[in-house]
Amino acid sequence: MSGLLAGKRLLITGVITESSIAFDVAKIAQQQGATVVLTGFGRMSLVERIAKRLPEPPVVLELDVTNQEHLDSLADRVREHVDGLDGVLHSIGFAPQSCMMGDYLETPWEDVATAMHVSAYSFASLTKACLPLMGEGASIVGLDFDARFAWQNYNWMGAAKAALESINRYLAREMGRLHGIRVNLVSAGPLRTTAARSIPNFSEMESQWNARSPLGWNPADRTGAAKTCCVMLSDWMPVTTGTMVWADGGFSAIGDRVEPFEPTPKD
């Protein structure tokens with residue numbers, strides 16, 4: 001399908017390096033005809049350098065989702081480059097290391113609060129900040145990691161993702177009835193991103209995912225997850241909101257997780 005996002009104006013957050021899922025979303029979105037504006041935080045010179053590797057180097061705006069001044073000024077700053085937004089990708093998450101290792105009950109509230117603020121509440125605050133730029137038919141998509149289960153070493157980040165999934169449903173209710181805007185999450189399998197390096201025993205999760213997924217799993221290939229995000233940002237899912245779409249090779253559909261999945265041999 002060519003031109004899936006032709007004419008769309010998208011705000012894409014969370015590009016840090018070329019290994020960011022958001023980078024692949026931005027790349028595919030541009031290839032499909034979208035105009036992209038990126039946001040970055042902290043290492044802005046790095047984000048700007050990475051942005052130049054996209055097919056069309058986009059504008060990069062600074063955005064700290066815990067900074068109210070950044071949020072309050074976001075719409076005006078975006079409006080300097082595009083006259084509105086048809087879609088927003090929330091690809092933002094962070095938790096202090098104490099939230100993903102050690103004794104779960106010993107993690108201090110200050111660290112948990114940071115994880116919840118950046119990884120969950122920011123989905124709502126980013127939506128509010130972008131609302132003046134969006135109209136009926138717009139789409140907001142967040143990146144998730146299935147929080148229905150307690151994953152080893154994911155700890156409080158898993159709790160933050162569970163909060164994100166709940167916020168997604170409430171946002172869908174509010175944005176749909178009042179503004180005709182869709183809100184959804186895309187839950188990808190484990191991918192080798194900058195954020196993944198901070199998860200203890202991530203390599204074990206990779207191997208288990210590949211063994212048990214009906215379609216297999218390549219943790220170095222972000223294309224599938226990125227394409228799923230682009231579809232959700234397009235007009236081709238017009239009546240889907242408040243849900244989570246899996247881009248995980250089918251792992252989430254398999255109930256027996258004790259033994260690796262063995263496909264039925266073909267005749």
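This is a chat about the sheet and the helix contacts of a predicted model.

Trainee: Let's begin with the sheet. What is the strand order, and is the sheet open or closed?

Mentor: The sheet is open and has seven strands, in the order β3-β2-β1-β4-β5-β6-β7, with parallel pairing.

Trainee: Which strands stand at the edges?

Mentor: β3 and β7, the latter covering 244–247. Each has a single partner strand, so one side of each is left without a neighbour in the sheet.

Trainee: And what does the twist average from one strand to the next?

Mentor: The average is 20°.

Trainee: Back to β3. How many bridges join it to β2?

Mentor: Four bridges link β2, residues 35–40, with β3, residues 59–62, and the two strands run parallel. Within that pairing, valine 37 is opposite valine 59 of β3. Leucine 38 has valine 60 in β3 as its bridge partner.

Trainee: What does the chain pass through on its way from β2 to β3, and is the crossover right-handed or left-handed?

Mentor: The chain goes through helix α2, residues 44–51, and the β-α-β crossover is right-handed.

Trainee: Changing topic: which strands does α7 lie across?

Mentor: Helix α7, residues 223–233, lies across β1 (9–12), β4 (85–90), β5 (134–144), β6 (182–188) and β7. Relative to β6, α7 runs at about 170°.

Trainee: α7 also meets α1. At what angle do their axes cross?

Mentor: Roughly 55°, with the axes of α1 (residues 21–31) and α7 coming within 8 Å. That angle makes α1 oblique to α7. The crossing is right-handed.

Trainee: Which residues of α1 and α7 meet there?

Mentor: From α1, Ile21, Asp24, Val25, Ile28 and Ala29 take part. They meet Thr223, Ala225, Ala226, Lys227, Cys229, Cys230 and Leu233 of α7. By class, this contact of α1 with α7 has nine nonpolar residues, one polar and two charged.

Trainee: Now α4 and α5. How do their axes sit, and is the crossing right-handed or left-handed?

Mentor: The axes of α4 (residues 109–130) and α5 (residues 155–179) come within 9 Å and cross at roughly 20°. So α4 is roughly parallel to α5. Their crossing is right-handed.

Trainee: Which residues make up that one?

Mentor: On the α4 side they include Val112, Ala115, Met116, Tyr121 and Phe123. On the α5 side, Trp156, Met157, Leu164, Ile167, Asn168 and Met175 are among them. The contact of α4 with α5 has 16 nonpolar residues, three polar and no charged.

Trainee: What about α3 against α4, where do those axes come within 8 Å and at what angle do they cross?

Mentor: The axes of α3 (residues 68–79) and α4 come within 8 Å and cross at roughly 40°. α3 passes α4 in a right-handed crossing. The α3 residues in contact are Leu71, Leu74 and Ala75, and those of α4 are Ser125, Leu126, Ala129 and Cys130.

Trainee: How do those divide by class?

Mentor: The contact of α3 with α4 has six nonpolar residues, one polar and no charged.

Technical notes: Residues numbered from 1 in each chain as written. Predicted model: local features only at pLDDT ≥ 70, side-chain atom pairs only at ≥ 80, totals over all residues. Heavy atoms only, no water. Axes fitted to C-alpha atoms, helices over the stretch in contact; angles between N-to-C directions. Parallel < 35°, antiparallel > 145°, perpendicular 65-115°, else oblique. Left-handed = near helix turned anticlockwise from the far one by under 90°. Contact = heavy atoms within 4.5 Å. Nonpolar A, V, L, I, M, F, W, Y, C, P; charged D, E, K, R; others polar. Pairing = 2+ DSSP bridges. Right-handed = clockwise from strand over helix to strand, strands pointing away.
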